[in-house]
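Here is a short walk through one protein model. Take a look at it first, then read on.

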Amino acid sequence: MTDRVSAAPLDWYPWQVDQWQQVSQMIQQKRLPHALIIGGVAGLGKLKFATKLAAALLCQQQIDNMACGACKSCKLLASNSHPDYKLMQPEEPSKAIVVDQVRKLQHAMATTAQQGGARVVVINGASDLNLNAANALLKQLEEPGDRSYFLLLHQWPQTLLPTVRSRCQLLNIDIPESTQALDWLQQQLPTEERSVDKTIKLLQLANGAPLRALQLHASRAHELRHQMLVQLTAVFRGKESAVDVAKIWHKQPLEQMLSWWVEWLNDLIKLKMTSNAQHLANPDIIKLLQAVDQRSNIIDIYALLERLTEQLNFIHLRRNLNTQLVCEQLLHQWYLLVRSGR
Ligand SMILES: [Zn+2]
């Protein structure tokens, strides 16, 4: 016997069950908003969630508010040829979604649904909409048309244009609690690599996002993180210069690296405030943190954290940065940090 309320479909991520129940109820009560922002950091499966929701909305014979998988509409979607489903994302990785893409969409949405049902647009990476594109989209969101749905995926919905945000309802997918993430991740890893220690470490690297952890496992992020820590220690001890390390860093996945660095500084602040190493997110780097703690003051740590967050945001907004210079300045600030005294 299956419990239809609590049982998640097999191919469903366990940390999305609550959110699915919410949308399922909204479908049932016919109050699903025409524009929904699906929020949450990278690595939580937002696109998969949106695709399932789109399939449910397009399906001609839903079962328990989910797509049946068998009707014509479901088959068209599975073969990537559903005329009333549009996936909008940057045409090339690291590029923005441009206004032409939104205009094409407007044109497609102006006609009636070809399958006679709903129309769904999934915007994968609403943060990639440039300003003109976001403004063009606004018109669509204002008059979405009958049975038209926009699903906007966004890592940081609070940074969306307020005019866009105010026309959408927000559904957040949260980072799962650690035991759930750990269980799930262990099941995905090859048997010989499933040790609890290793899995916990991977989750830490991914700031708790299970799919990101899996991706990092594949990309050997461990080594990069280790190398970064060695280099930060060398700069802090004055054994390598900020300039030399910046030459290496700027060619590497900087967004990931700066995110780690932010986490480490947060741990450093925790350590400084509480002198307690128990609740750190990165207990494995306690020695480095303690050494920096002894030689730095909190104001400078906050200043570096602010700078890092700002640069991360610029990278995220795809501002054209001189990344080598950015690395150089951040590393120099780090070098000075331990020379500022407590
Ligand atoms: Zn169907």
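**From one residue to the whole**

Start with Q16. Not counting residues up to four places away in sequence, Q16 touches L44, G45, K46, F49 and I173. The residue sits in the segment before α1 (17-28). Is Q16 buried or exposed? Q16 has a relative accessible area of 1%. Buried means under 20%, so Q16 is buried. Bear in mind that this is a predicted model.

Now move to the surface. There, R237, K239, R295 and R339 gather in a patch of positive charge. Take R339 from this group. Where does R339 lie in the chain? The place of R339 is in the segment after α15, a helix that spans 323-337. Its relative accessible area is 41%. Partly exposed covers the range between under 20% and over 50%, so R339 counts as partly exposed.

Next, step back to the whole protein. The secondary structure comes to 15 helices and five strands. Along the principal axes, the C-alpha atoms fill a box of roughly 70 × 50 × 30 Å. The protein has 342 residues, and 46% of them count as buried.

How do the contacts spread along the sequence? Consider those in the protein with a separation of 6 or more. Residues 24 or more positions apart account for 72% of these contacts.

Finish with surface and charge. The protein exposes about 17900 Å². Carbon and sulfur atoms supply 50% of that area. The protein carries 36 positive and 30 negative charges. The mean positions of the two sets are 2 Å apart.

Conventions. Residues numbered from 1 in each chain as written. Predicted model: local features only at pLDDT ≥ 70, side-chain atom pairs only at ≥ 80, totals over all residues. Heavy atoms only, no water. Patch = residues over 30% accessible without salt bridge, like charges linked within 9 Å, V, L, I, M, F, W, Y side chains within 5 Å. Areas by Shrake-Rupley, 256 points an atom, 1.4 Å probe, with all protein chains shown as cover. Salt bridge = Lys/Arg side-chain N within 4 Å of Asp/Glu carboxyl O. Lys, Arg positive; Asp, Glu negative; His and termini not counted. Charge placed at Lys NZ, Arg CZ, Asp CG, Glu CD. Helix = DSSP H or I, 4+ residues; strand = E, 2+ residues; numbered from the N terminus. Buried < 20%, exposed > 50% of the residue type's maximum accessible area, 1.4 Å probe, protein only. Contact = heavy atoms within 4.5 Å.
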